[in-house]
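Here are some worked exercises to try with the model open on your screen. Have a go at each task before you read the solution under it.

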Amino acid sequence: MKHATHEGVVGQVPKGMFHGVGYDASTGVAGSGTLLVNYRYGKSMDGRPYTEVELSNRASQAANYTLNLSAWRVNLVVGQTYRLSALVSAASLARPLVMNLGYQFYQADGQYLSEMVDAEGEYQSGLGGVQQLHAEVVGGESDKRNGRVPASFFPRLAVYNIPPGVVVRMRVSGITLTADSTVAGVRVQPVKFLPKKVAPGAVLPLTIGLKGRPVQEPGQVVSNLSLVGVSNGRRVQLEPGHRLRFDHSGRQHDIWQSRVPQSVTPGNYSLWYEVPSLGITTRLGEVVVTPAAGMRIGYSFHRYPGISEVTFGPLHARYQLARSLASDLTYGVQWWLGPDEYDWRGLMRWARFHSQLNERKLVMTFSGTPRWASAAPHQRSAMGLPGYAAPPAAMYRAAYQRMVKETVTQLKGRLLATECWNEPNSHDFFTGTQTDLADLCKSVYLATKAVEPRVPVICPQADDPVNLDFVYSARTSAGEPIHQFCDVVGAHLYNRLGVDLQGHDYSQLRLLDGLEAMAAMSRKYGINKPLGITEFGVSSCVARATHAYPQVFGRMRSEDAAEALYRSLAGMREYGVTLVALYSYDLLDKDPKCLPGGSFIRMTQVNQAGELKVDPVVLRRMNDAVADFGWGGG
């Protein structure tokens, strides 16, 4: 394959040489004028050398670009840990920009093997500015994508899917690559995510990182996890103990999902981790055992109540929330007939089906405008309803707030939360301005709190965490930030899955990266509020297989797909997500390519007669997840 190659000085890895490679994203072949690359070198005010790269895609198709940060490949030594670091900034009209710091792996014969990047190597385009990126690899570890052990690597910075006609400008400085093989003995790493509260009878998901190599080969060892009462010193062993086998990599993840005994007395406990044969005893932090703990887990239901009661039969799902937007009875704001004119029959049929009075399970999403009230009544929308994606016309804004208040009044005692709009970053769902959006959310907030002061309001959720800028930078017509009128923030999360109990990824698109992107966007805007996810699902057209799981989610065995969902929910619970709505239970879509099971969450499957039926394996495991990670222990 022919590459367009350029050389120049960039830093200190090693001897400061690099190669830039640009190629067409669809064919992988470089062509004359396909990607124009310009370099500029200089020193910042602190004397640090930098390289600026300008990429101009002159082709008719998307292009990729790789900046190799070494003039030759670095050989991997078994047991050595290699750490790559760089300061990177970028500007582009492309949204979202996909760029990461990592490694190109090669086999012993010099043949290209694969790419590697971890979460700390991803450039968060939504945050912008200068970001410190890191990537770490250990010699002798097998590649997660293909199971092979790489022999050497190029440290590199890669940019993907540069659209035709787009110019990307980036600056790279402070590049370092170090190798460390001196770690002797095993150390427990600080726990990144520790649930602050857990209910008696619930499962505590926890990932404990271990670093280093035992002084003597220990073979298999056993680790233990215990709760110790802060006030009385009473110890509660969490079973079962884990069996670990250390390898040459010097890195180990001890992944727990241990049930807290139902008999544990509520109170404050220290969480202790022990590996007796290695002399490790470490306090990980403090956990409160209380019934008021857990993550609300539920679904979007399209036709419960409705034809799904015939197609799939009675609803046997265990769930703690039902989101209104998908329902045939509520998605079009059908109950709002005119200013202060309502027909509550469809809305209340949906509400009573999913929630008894004083059983707070409903997430009421106020999204869309009836055609009669729309600022653009003839405009198309993703819902197939003209005018739906536009905000209410100015003359109906006050009536809109009254509608929200009357709706909350009708649902009083049943509401878990209200939500302002759906995926407003997409013109399929919202065609107003950011000011329109913030003003609408202020109306939802004020109307909700006037009736149900303790019911939280969920901020608008973008279709992906990287698109949250549109939401979080919105301000009302009075200049107030939109998040001033929200209690819960987050984004829809699609096509990202967690890890199994051995730490193997179920998909190359990782759940943790999506959650970290949400948290990073909150930090950017100074938001310190709980995370919620009102849509979670996976399309087989987007999901990417791994070596451990060579079948994408939609084509996995039911047992593997069910466990992938269960472990993903465990990852959200561990991260501190407060609520998640799976999309969806009864989609009735038999797309053989993207949704071969008829559902983004594999809840249904196509039988030999070509009929969609609930998959009992997935249903059972999702019911387990609600019991294990749900509010109050399910």
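**Exercise 1. Find the hubs of the largest nonpolar core, and what surrounds one of them.**

Step 1. The largest nonpolar core has 100 residues, and Tyr299, Trp335, Phe536 and Leu569 touch the most other members. A nonpolar core here is a set of buried Ala, Val, Leu, Ile, Met, Phe, Trp, Tyr and Cys residues joined through side-chain atoms within 4.5 Å. Buried means under 20% relative accessible area, exposed over 50%, and partly exposed in between (1.4 Å probe, protein chains only).

Step 2. Helix H7 gives the most to this core, with nine residues. Helices (H or I, at least four residues) and strands (E, at least two) are DSSP runs, numbered from the N terminus.

Step 3. Leave out residues up to four places away in sequence, and the contacts of Tyr299 include Tyr319, Leu321, Leu582, Tyr585 and Met622. Contact means heavy atoms within 4.5 Å.

Step 4. There's also a second, separate core of 35 residues, with Leu35, Val53, Tyr123 and Ala135 among them.

A word on ground rules: this is a predicted model, where local features need pLDDT of at least 70 and side-chain atom pairs count only at pLDDT 80 or more, while totals for chains, interfaces and linings use all residues. Residues are numbered from 1 along each chain as its sequence is written, and side-chain values use heavy atoms, with hydrogens and water left out.

**Exercise 2. Check the length of H7 and H8, and work out how covered they are.**

Step 1. H7 has 18 residues, so at 1.5 Å a residue it should span 26 Å, and its end C-alpha atoms are indeed 26 Å apart. The expected span is 1.5 Å times one less than the number of residues.

Step 2. Do the same for H8 (residues 616-629): its 14 residues should span 20 Å, which agrees with the 20 Å between its end C-alpha atoms.

Step 3. Now for cover. In H7, 15 of the 18 residues are buried; in H8, eleven of 14 are.

Step 4. Which elements cover the buried residues of H8? They include H7 (558-575) and the strands S15 (203-211), S18 (251-259), S21 (296-300), S30 (579-582) and S32 (612-614).

Step 5. Look at the ends. At the start of H8, a side-chain oxygen of Asp615 comes within 3.0 Å of the backbone nitrogen of Val617. Just after H7, Gly576 has a positive phi of about 105 degrees.

**Exercise 3. Classify two aromatic pairs.**

Step 1. Rings of Phe, Tyr and Trp (its six-membered ring) pair if their centres lie within 6.5 Å; planes under 30 degrees apart are stacked, over 60 edge-to-face, and the rest tilted. The structure holds 24 such pairs.

Step 2. Tyr103 and Phe105 sit 6.3 Å centre to centre with 5 degrees between the planes, which makes the pair stacked. Tyr103 counts as buried because its relative accessible area is 0%, and Phe105 counts as buried at 4%.

Step 3. Phe193 and Tyr575 are 4.6 Å apart, centre to centre, at 45 degrees, and that pair is tilted. Phe193 is in the loop between strands S13 (187-188) and S14 (197-198), Tyr575 is in H7, and 382 residues separate them along the chain. Both Phe193 and Tyr575 are buried.

Step 4. To finish, pick out the aromatic cluster formed by Tyr299, Phe301, Tyr304, Tyr319, Phe353 and Tyr585.

How values were computed: Polar contact = N/O pair within 3.5 Å; in protein donor to acceptor, adjacent residues only side chain to side chain.
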